[in-house]
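Thanks for making the time this morning. I would like to walk you through one structure, so please have the sequence and the model open while I talk.

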Amino acid sequence: MITLRYILCLWKSTAKPAARLCLYGMLAAGIMLNASWAAALEKAWLGSINTVEEFNLLSVEDHSRGDLLRVTKFLAPARPDPALLPTVFQNVNLYRLHLEFMVNEFPERFGGLTSAEYMELVFSETRTYYAGAVYQFQDRNGQILYGFNIYDSPDHVVNPTEVKAAYDLLAAAIRLRPLVYSPISPREIQQARQWTDPGFPVYMPEGIVEPGYESYSPGTAYGRVRRFTLWELETAVRDGQLTWQDIVVVDAAPTDIETVVAGVITGTRQGELSHINVRCLRRGTPNAYIQNPLPVFAGYEGQLIKLEVTSDSYQIVFPVDLEEAEAWWKAHRPQISPLPVPDDIDSTVLSLPDLAKTLEGEELVRRYGGKASQLGILYSIMAPRYEGQPDIPILVDGFAIPFFYYTEFMRSNYIPDPNLSNAMVTLEEYIQGLLEDPRFRSDSEYRRKSLENFQEYIEMYGIVPNAWVDQIIAKIVEVFGSDPVKVRFRSSSNAEDDVAFNGAGLYDSTSVCVADNLDGDDYGPSRCDPTAKKERTVERGLKRVWASLWNPRAYEEREYYQIEHRNVRMGVLVTLAYPAEDCNGVAFTGDPATGRKDYLVINVQQGDESVVQPGTGIIPEKDIVYLEHGWPSRIQRARPSSLMPAGEWILSEEQLYELSSLMVEIDQNMPVETGEYTRDQIVFDLEFKYDHGQLVIKQIRPTLMATAVNPPVFPSEVILRIPEKTTLVKQFEVGRTIEEEYQWLSRLQFKAGEYQLPVQSGEFELEIVEKLEFGPRRTVAEPLGPGIVRVDAFTHPQNGVLLRYEFEEKFRILDGSEKTLILTIQGLQILNENKPRYTAEFNTTKLSYELFTRIQFEENGEIQTIAYGPDIDLSAQVYRHEAVLEGNQTIRFYELIKRRTQGIGIAYANFVYADMKLTEGSFQQMDYWRLAYSAMGHCWNAKFWALLDSPVDDVYGVALLTTTIQWGARTEAEMYFLGKDLKPLRKVEIISYSKQEIEELPDPVTTVPDWGMY
């Protein structure tokens, strides 16, 4: 799949306050690399920014707002604590996201940092760090200034006190001035407008005109429309209500959507480095901004649609055939190897030490599930260490209940048939019916409610045979004793704890108390836990764990990876509960975020407070243990627990060395099926606790490092094809004067042929420009060196790579004054779908509308930009400007306008043909170099110059100046003859003037043989 894009953006002129409409194309990932590209890769961050050059090195271009030029990111301490990381500025050429930057560059502080931990660090009201962006702006008067904003959560907007603290930190680290607070989101702007004398300068985007549409990640998606306010979306994400089949439409751009969704439409524009923008690009998820999207999509709420997002438009296709959508979904989702056929026959309940003695590898998982199997294997490799001892004290004791019981429960319990009244079907048949229901397959909201109702029915009405209950009670008493002991029933499915499908957190565990079964009543509280109001019986525990196989989140995760639900099963791992544990934690035998294996990451919390899902404001302790020659050598205290007194740590150094030494031993000896990955790409995730001073491992699972989730699969060949007569000319820009438009006429001709493009990151020579002519004299620009193609290769979420290409070539021109012209072509990306060969084409249409082709040069101390497009676009609307002049003279000027198919604005406009009947004679002009055109937004206030091939007396050309208010009111025009200096020579009286849309250009224009591709 080849995806190309350009972006329409609005900005302010550097020379005057008039609004300009310009065609801005950018890289598909929104990155514009410049001459400092190679140097930028050398420094991942700076502690201060002292020069414009340093800011440019760290930043990328960003035109997501009209006055915005460049952007980078910062991190600064939110309280005066010398133990915190000082203010740093992130090189966003290397790291798009704060989280990636933090874990890779400062592992001693942020090793293993999770998304939830990151949010707690920088987004909560009790934040530890300020995180945000630093922008370079150019205001309406042409002044350059530097501004910052602070990232915040949807339910909190930064106040003046917080901004002042961040301002003081940044002002001390940034020497560039003026430095201002620059609110970006509508919420931030509205809040800041209410401040009076906040103690720091504030820059507001006055007069910025927003476009109606902007594409960030072009693509196609099938899904059901889900509309939200920003607050509602935050709730839906938190509650797990979004799925990969949902097209999310939200009134304002969220900070992030970590959940995989089908597409994203926001009602406010997204920043170049916003989390949602970066994630959508990496996932290949269509993502765009549309003005007021909630009413636009109101008629499609809950409906299955096809959404197509392109560089300059979007399209909604409705209705959509479900089979078509399912075929697309199947082809555009990752797919893992099929699950082994589950063993539903064997009913043996086995203790953990006996599991690996009885079965091996796949056979264990087929019968008991991943969680129990991994612990059973760990028992087998730890056994030699404790030879002759009845127990292995560092491993949790327990037993495993096989799939047999779940399957029999599903086949022997009944539920009302949804299709037939007064009829019943088994639970298994009910689920199979849901899986075959078209609405269930395609409607995520209906699916979620159906599964929740099914789970509720299981827990309320499901019957567990007494014989099973008696058998499990006997086993609990045998393993743990006859006292009222509290145990945990933990999920152990065959769709979790695997390298290809981790499944962490998808299923449920619950506490069970045998004494509640034996007390002779059905009333609470629980005999094992007086705080539990209801009894925790064995049958309740079994049904709770079995039902969790159909948690909506678990279903969606399996479905996304195309796991066959008919083959999933749920076993139960029974272990001792630890109600008074010293601490509990999660540890990794490497850093799953960065892929580094020279240190271990240990998170731990006091008592039984959750490490994985802590309460608001509760932060676990984090310790980094560095390895030397493969063994623990040094401890880095990265973060204390928020529950501990200042200066105190949960784990002692002795405990950390004990735990980390065991982790190394496990990592070296624990077997794992690596599949398509290597052993170095896998770490082990251990859940542990200290109970009365004794270390206990209660779970182990292999985890694929984030750097290995999508191993690069590069195409072997990418071919660039350029057709014959591929030619572009300068496009007009809104608000530029007619004199500038004429002086900067330019034509770009490419060398036809096929070129092999590199498929790895780096810089490579590429000669594709035949000739660059500049100015009305058609001066040929001299190349200053070979053309360069820069390649950036990124891992893509669906087992491929994203190749992005940028072309640049520098030219020199002597045309009155020396100019250096920098030609860039941006926006070409190739998403590899494991095909060996790809072909991209640089034809006139793609170079004009799907890529961004431009030159930059300096004129009178200002950087000017020229965008390129076709000289004539025959698909555009044709407008004829006709003026009847005094003395029976007439002129007809033909203007082409191509409007955007969605949103507002003009994709293309040009003056292409003049037909003049003057007293001096009849003249036709269709030469690009003798026609000049300028206009304001929507092509009103258009100005035309048509120059004669040879002067007639003192007349060198004709100028038509129009008003033509498009939506009503008046249509006015003035006309002048132009003299040798192209200044008005004399005014010509207009008897009548009209602007009229006609069907096509006159034949003389469409048959001109020497016009570019025509």
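Arg634 lies over the face of Tyr626, at 4.1 Å from the ring centre, where a charge sits over a ring if NZ of Lys or CZ of Arg is within 6 Å of the ring centre and within 35 degrees of the ring normal. Another such placement is that of Lys995, which lies over the face of Tyr879 at 4.8 Å from the ring centre.

Before going further, I should say that this is a predicted model, in which local features need pLDDT of at least 70 and side-chain atom pairs count only at pLDDT 80 or more, while totals for chains, interfaces and linings use all residues. Residues are numbered from 1 along each chain as its sequence is written, and side-chain values use heavy atoms, with hydrogens and water left out.

Let me turn to rings that meet other rings. How many aromatic pairs does a search of the whole structure find? It finds 43, counting rings of Phe, Tyr and Trp (its six-membered ring) whose centres lie within 6.5 Å, with planes under 30 degrees apart called stacked, over 60 edge-to-face and the rest tilted. One of them is the edge-to-face pair of Trp244 and Trp329, with 5.6 Å from centre to centre and 85 degrees between the planes. This pair links distant parts of the chain, since Trp244 is in the loop between α8 (230–238) and β13 (246–250) and Trp329 is in helix α11 (residues 322–331), 85 residues apart; helices and strands here are DSSP runs, numbered from the N terminus, with H or I over at least four residues for a helix and E over at least two for a strand. Both Trp244 and Trp329 are buried, meaning under 20% relative accessible area, against over 50% for exposed and partly exposed in between, with a 1.4 Å probe and protein chains only.

Tyr933 and Phe944 have ring centres 5.4 Å apart and planes at 55 degrees, and therefore count as tilted. Tyr933 belongs to strand β49 (residues 931–934) and Phe944 to strand β50 (residues 943–952), eleven residues apart, and both are buried.

Tyr933 also appears around Glu741, a residue of helix α24 (residues 738–743). Is Glu741 buried or exposed? Glu741 counts as buried because its relative accessibility is 1%. Leaving aside neighbours within four places in sequence, its contacts (heavy atoms within 4.5 Å) include Lys730, Arg736, Tyr933 and Ser934.

Now to the nonpolar cores, each a set of buried Ala, Val, Leu, Ile, Met, Phe, Trp, Tyr and Cys residues joined through side-chain atoms within 4.5 Å. The largest has 52 residues, of which Ile476, Phe489, Trp546 and Trp550 touch the most other members. Helix α19 (residues 466–480) contributes the largest share, six residues. Apart from this core lies another, of 45 residues, among them Leu350, Ala587, Ile635 and Tyr690.

Finally, there is an open sheet of six strands in the order β28-β27-β26-β25-β29-β30, with antiparallel pairing, where two strands pair if DSSP finds at least two bridges between them. Its edge strands, β28 (631–639) and β30 (694–704), each pair on one side only. Within the sheet, β25 (residues 583–588) and β29 (residues 682–691) pair in the antiparallel sense over six bridges, and Phe588 has Asp685 of β29 as its bridge partner.
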